[in-house]
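Reader: Could you walk me through this model and tell me what stands behind each label?
Author: Gladly; here it is.

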Amino acid sequence: IGVPTDAHAVTGFVAVAETTADTVTLPPGYVFNALLTWGDPLFEGDALWGNGAGEINGGNLTAAEQARRVGFNHDMLALFANPFGSPASAGGQPHAAYIAAFNNEYTEPVRMFPGFVAANPTRNQIDTEINASGITVAGIRLVGNVWGQDRTMRVGDVPEGALVARRITGRTRFLLDGPAKDDPRLSGPVDGTFSNCAGGFTPWGTYLSAEENFNFNFANLSGVPAGQTKTTHQIFGMPNGASGTLWERVYDRFDLTKMPNEGFKQGWILELDPYDPTRRPVKHTAIGRVKHECATVVVQYPAGQTKGKVALYSGDDERFDYVYKFVTDGTFDRENPRAKAHFSLLSAGTLYVGKFNADGTGQWLPVTHANVDSLAPGAFADQADICIRTREAADVLGATPMDRPEDVEAPHDPLTFAGTGKVFMVCTNNSNRGGSATAANRANGTVRSSAVDAANPRANNRTGHIVQINEDGNDHTATTFTWQFYLLAGDPKAAAGAVGDVKDSFFGDRFGSPDNITFDNRGLLWIATDGNPASYPCNDQVLCTEIAGNGKVRVKRFLVGPAGCEICGPLFSPDNTTFFCNVQHPGENVASSFPNGTGPRPSMVAVRRADGGIVGT
Ligand code: FEO
Ligand code: CA
Ligand code: CA
Ligand code: CA
């Protein structure tokens, strides 16, 4: 391949070198500030804590305090204009106020409580952890060149509005809707959300959160009698013995031996209205129950029309699991975006699972009872059963097991959410690909091949890849598509056979384990990573990609995070003058004092140019 010169580049920043520095490293001319750090108070009058502002109770937040503060281990991030629908550049000025909503994926008590004894968490520590899980909603405001929290922000940015700030925790009461809402397995209260990974946001102004590795919070599957419930829980990796959190010591709902059905209340896509704190959040069973990574929404408007069906894309992040699309029955009306009917759009529709053929074509296979029952008569009782046992249904259909589908994103118009027909699916890695013949088998005996295939072409895939899906007719409701690789991640300069050898896939800066992606206003795809190969001396990072003059993808490293972290929730402000991301688990397996010398503490980060210009140009 010829090596194009930078004359082809539309990104003018100077690429950042690999580094293990314990800070956010940026190109020359860029600055960052941390905000909404774990433990920061959400409400005026509550004591500042951490970050050099002193500690409450010797550094141990009580559960009551934690419920009023920013949660732990930020992941997905979304911004909502406040008031809803206010233009991005009113009067020529960029937005300076948003409602920020972000996931708090999981807790790390060893970094939350001084002197934490892993074998023996106290009841208050467990309660604090449960309250540090879930979702944080907070107002943010730009003052000068610095984004900060606005603890007095109200919905609509008016004095009579409700306070924006709120917490959804492991105790928040949820509603259920969709085909499985009345299934006996889901009866009783649905309290809490856990393992909230990525998610999405809708043109009607709601936040979507994806429940991913919920198995981590449950215990004692060994005591559940053999049968369908046990098998389904095994397929999700529920532990036979103690949970990773030990919460079952205090609460029976995490003990599957005592309450086997509680596990079925996690693994959903939930919807939250940041503009209306009185609207109870909803778990949407129609979208299926898997280890959902994300919930990316686009609207498919027929030519010349202002109403269209909604397509929602989600990955199931497990080795050899699948990618899903949900298409609503109802339509979104962009001329009345906050219409009441929109709040039930995700309650009814058709769930599909992806099949990737060797010839570059693919199908979205309907995960419907009629379709599954025709192939496996009697295996599923009804659509509710399909929604609860979605992985098993997808197995029956012959979907393509992928190398851990993480984020799935579709570039779209920021106001109308009209898509382009293009969808990008991130497969983060799969070290079991091409491994033992049984590596992909299910606990219920379903035999799947772990062999390399056209869409997962590398054995021991430690660096991952990104697949581009082209919906047929550029129609997001289509059931057929073509696909190609956007890139194979790794090191384009590595010797053949080395870890992450990706000669000819792209040129530029090496990286591994792409996880979350986003697009800027120019349609350039930006990548945040979760786990660079140990042989790359670099913390997790953010990279910008562009199609260069020779048609190949050029990758430029824009940001390197602090020590031990993963970068989550990459997102541009609508005017592209700020790049936001979340720093999750700084200090994992390595010392870190991020963000300001007293950490490690998970935190949101806002990156701007010192001159306030467009990021990435
Ligand atoms: Fe929570 Fe798949 O990352
Ligand atoms: Ca994570
Ligand atoms: Ca992720
Ligand atoms: Ca990941």
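Author: What follows is a set of questions and answers on metal sites, buried residues, cavities and a pocket. This is a predicted model, in which local features need pLDDT of at least 70 and side-chain atom pairs count only at pLDDT 80 or more, while totals for chains, interfaces and linings use all residues. Residues are numbered from 1 along each chain as its sequence is written, chains are lettered from A and ligands numbered from 1 in the order in which they are written, and side-chain values use heavy atoms, with hydrogens and water left out.

Reader: What makes a residue a donor of the calcium ion (ligand 2)?
Author: Donors are N, O and S atoms within 2.8 Å of the metal, or within 3.2 Å for Na, K and Ca; water is not among the atoms, so sites may look incomplete. For the calcium ion (ligand 2), the coordinating atoms come from Glu105 (OE), Glu566 (OE), Glu566 (OE) and Gln584 (OE1), at 2.4 to 3.1 Å. These distances fall inside the limit for Ca, so the atoms count as donors.

Reader: How are the donor residues of the calcium ion (ligand 2) spaced in sequence?
Author: Their spacing is E-x460-E-x17-Q. The pair Glu566 and Gln584 links distant parts of the chain, 18 residues apart: Glu566 is in strand β29 (residues 566-572) and Gln584 in strand β30 (residues 578-584). Strands (E, at least two residues) and helices (H or I, at least four) are DSSP runs, numbered from the N terminus.

Reader: Are Glu566 and Gln584 buried or exposed, and how do you know?
Author: Buried means under 20% relative accessible area, exposed over 50%, and partly exposed in between (1.4 Å probe, protein chains only). Glu566 has 5%, so it is buried. Gln584 has 1%, so Gln584 is buried too.

Reader: Which residues are the protein donors of the calcium ion (ligand 3)?
Author: They are Glu293 (OE), Glu406 (OE), Asp515 (OD) and Asp515 (OD), lying 2.2 to 2.7 Å from the ion. In sequence these donor residues are spaced E-x112-E-x108-D. Here Glu293, in the loop between β12 (282-284) and β13 (296-300), is paired with Asp515, in strand β25 (residues 514-519), 222 residues away. Glu293 counts as buried because its relative accessibility is 0%, and Asp515 counts as buried because its value is 2%.

Reader: How far apart are the calcium ion (ligand 2) and the calcium ion (ligand 3)?
Author: The two ions are 5.1 Å apart.

Reader: What makes the link between Lys291 and Glu318 a polar contact?
Author: A polar contact is a pair of N or O atoms within 3.5 Å; within protein, one must be able to donate a hydrogen and the other to accept it, and residues adjacent in sequence count only if both atoms are side-chain atoms. The side chains of Lys291 and Glu318 are joined at 2.9 Å, which is within that limit, so the name applies. The Lys291 side chain also makes a polar contact of 3.2 Å with the side chain of Asn215. Lys291 lies in the loop between β12 and β13, and is buried because its relative accessible area is 3%.

Reader: Where is Ser592 found, and what does its side chain contact?
Author: Ser592 sits in the loop between β30 and β31 (603-609). Its side chain makes a polar contact of 2.8 Å with the side chain of Asp22. A polar atom of the Ser592 side chain also lies 3.1 Å from the backbone nitrogen of Phe594. With a relative accessible area of 9%, Ser592 is buried.

Reader: Why is the largest cavity said to lie between two domains?
Author: On a 1 Å grid over the protein atoms alone, a cavity is a set of points where a 1.4 Å probe fits but cannot get out, and a pocket is an open set with protein on both sides within 12 Å along at least five of seven lines; lining residues have an atom within 4 Å of a point. Domain 1 (6-212 + 267-609) and domain 2 (214-266) both give residues to the lining of the largest cavity, so it lies between them. Domain bounds come from an automatic or database domain assignment. Among the lining residues are Glu105, Ser133, Asn217 and Trp247.

Reader: What about the second largest pocket: where does it lie?
Author: It also lies between domain 1 and domain 2, because both give residues to its lining.
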